[in-house]
Each structure stands twice: as C-alpha cells, then as structure tokens.
Amino acid sequence: MRIGHGYDLHRLEPPPPIGQGKPFVLGGIQIENKTGPVAHSDGDALLHAVTDAILGALGSPDIGQLFPDNDPKNESADSALFLHEAVRRMRAAEWEVGNIDCTVICEQPKIGPHRTKIAANIARLVDCPANLVNVKGKTHEKVDAVGEGRAIEVHVCALLKPRTST
Ligand SMILES: [Zn+2]
C-alpha cells in the first residue's frame, strides 16, 4: 500500500471588477457563490489536493512542478487535466485507488448539500467506485483568513493499493 497527503489553499475574492475571483468550482462541480478562487488555473482546490495526494503516494513530482503556474498553457486550465495526469501515472505504476478522504474548510458555500455529487465526480475522474471517495465540509469557526471567508483550504489523504482491476 502507499499513502499520500495533498493540501491546497486558494484566496477567495468576488468576481471582477471588484476582485479577481473565478467561478467557484470544487471537485469539478460548479457551485453558486458570492466569491471564487483567485488562481492561474480554474482554482479547484479540491482537485488540486486530490492530485497532490495521488502524486505524493506515488513519490512523483507535485502538481506545482508538473504544471507550473507561470506556464501560459495552464491559464484557466480545467483541473481535471492535472488529476488525469496523476491517474495516468498511478495506472502506469500498477496502482489503483484504495480510498480517498477529503476535508474542505471554508465558510461559504456550505459543502454538505453538494458532497455526494462532488465525491461521485472525483470517483469518476479517478476511475474508482463512488463509495471509495469521501468528502467532508467544515468551517474555520470565523477565525483567520479561512474563517473570514477570504480563503478555502483542502486536505486530502489517498490510499493506493496494487492494481487488481484491468
Ligand atoms: Zn490550487
């Protein structure tokens, strides 16, 4: 077995012209929200953390090394492409997902109503059964930048096991 941890944080701002926030997207699911991530890519903190957890388990270079944020190619990129590369590497190394557990920390939007849909989409992207992906939402109790709604933070643990399926 291999275990990997992924972490990501993005600043949240209102959309232009007030701020630089992009549309709020989490685990590939667009959610209506007053603020959105400031990012070079689409700013999907959850997909970034899942990508890094899988890459970490593989002992691969991380997402920032594989997809530098100063590369114009990654401008507003769909983060599913980053995750796709991590999954390609995982399969090439003969591993598959054992399970993935995600904690999303933000004040808004509330994650609870969307968690099933988000988990199902991550499972689809990493090509594993939906019950192997878990997504939890928490707040930061109104303290610090995350608690003041100025950032979103995500932690992910991914367990990989030797591939048995084809
Ligand atoms: Zn990110």
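## Helix α4: length and what follows

A helix's expected span is 1.5 Å times one less than its number of residues. In this predicted model, helix α4 covers residues 115-126, 12 residues in all, and its first and last C-alpha atoms are 16 Å apart, close to the expected 16 Å. Just past the end of α4 sits Asp-127, with a positive phi of about 60°.

## The buried face of α4

Which residues of α4 are buried? They are Arg-115, Ile-118, Ala-119, Asn-121, Ile-122, Leu-125 and Val-126. Look down the helix axis and these buried residues of α4 fall within an arc of 160°, so they line one face of the helix.

As for what sits over them, the cover on the buried residues of α4 includes pieces from several parts of the chain. On the helix side there are α1 (45-58) and α3 (80-92). The strands include β2 (25-26), β3 (29-30), β5 (95-105) and β6 (133-138).

## Helix α1: enclosed

Now for α1, one of the helices covering α4's buried residues. With 14 residues at 1.5 Å a residue, α1 should span 20 Å, and its end C-alpha atoms are indeed 20 Å apart. Burial is the thing to look at here: 13 of the 14 residues of α1 count as buried, so the helix is largely enclosed by the rest of the structure. Right after α1 comes Gly-59, which takes a positive phi of about 70°.

## How α1 and α3 pack

How are α1 and α3 arranged relative to each other? Their axes lie 9 Å apart and make an angle of about 20°. Angles under 35 degrees count as roughly parallel, and α1 and α3 are therefore roughly parallel to each other. The crossing of α1 and α3 is left-handed.

From α1, the contact uses Leu-47, His-48, Val-50, Thr-51, Ile-54, Leu-55 and Leu-58. From α3, the partners are Ala-80, Phe-82, Leu-83, Ala-86, Val-87, Arg-89 and Met-90.

## Arg-11 on strand β1

Over to a single residue: Arg-11 belongs to strand β1, which runs over residues 2-13. Is Arg-11 buried, exposed or partly exposed? A residue needs 20 or more other C-beta atoms within 10 Å to be buried, and 12 or fewer to be exposed. Arg-11 has 17, so it is partly exposed.

Leaving aside residues up to four places away in sequence, Arg-11 touches Val-38, Arg-150 and Ala-151. Take Val-38: 27 residues separate it from Arg-11 in sequence, yet their C-alpha atoms are 5.5 Å apart in space.

How values were computed. Residues numbered from 1 in each chain as written. Predicted model: local features only at pLDDT ≥ 70, side-chain atom pairs only at ≥ 80, totals over all residues. Helix = DSSP H or I, 4+ residues; strand = E, 2+ residues; numbered from the N terminus. Arc of directions from axis to C-beta. Contact = placed C-beta atoms within 7 Å. Axes fitted to C-alpha atoms, helices over the stretch in contact; angles between N-to-C directions. Parallel < 35°, antiparallel > 145°, perpendicular 65-115°, else oblique. Left-handed = near helix turned anticlockwise from the far one by under 90°.
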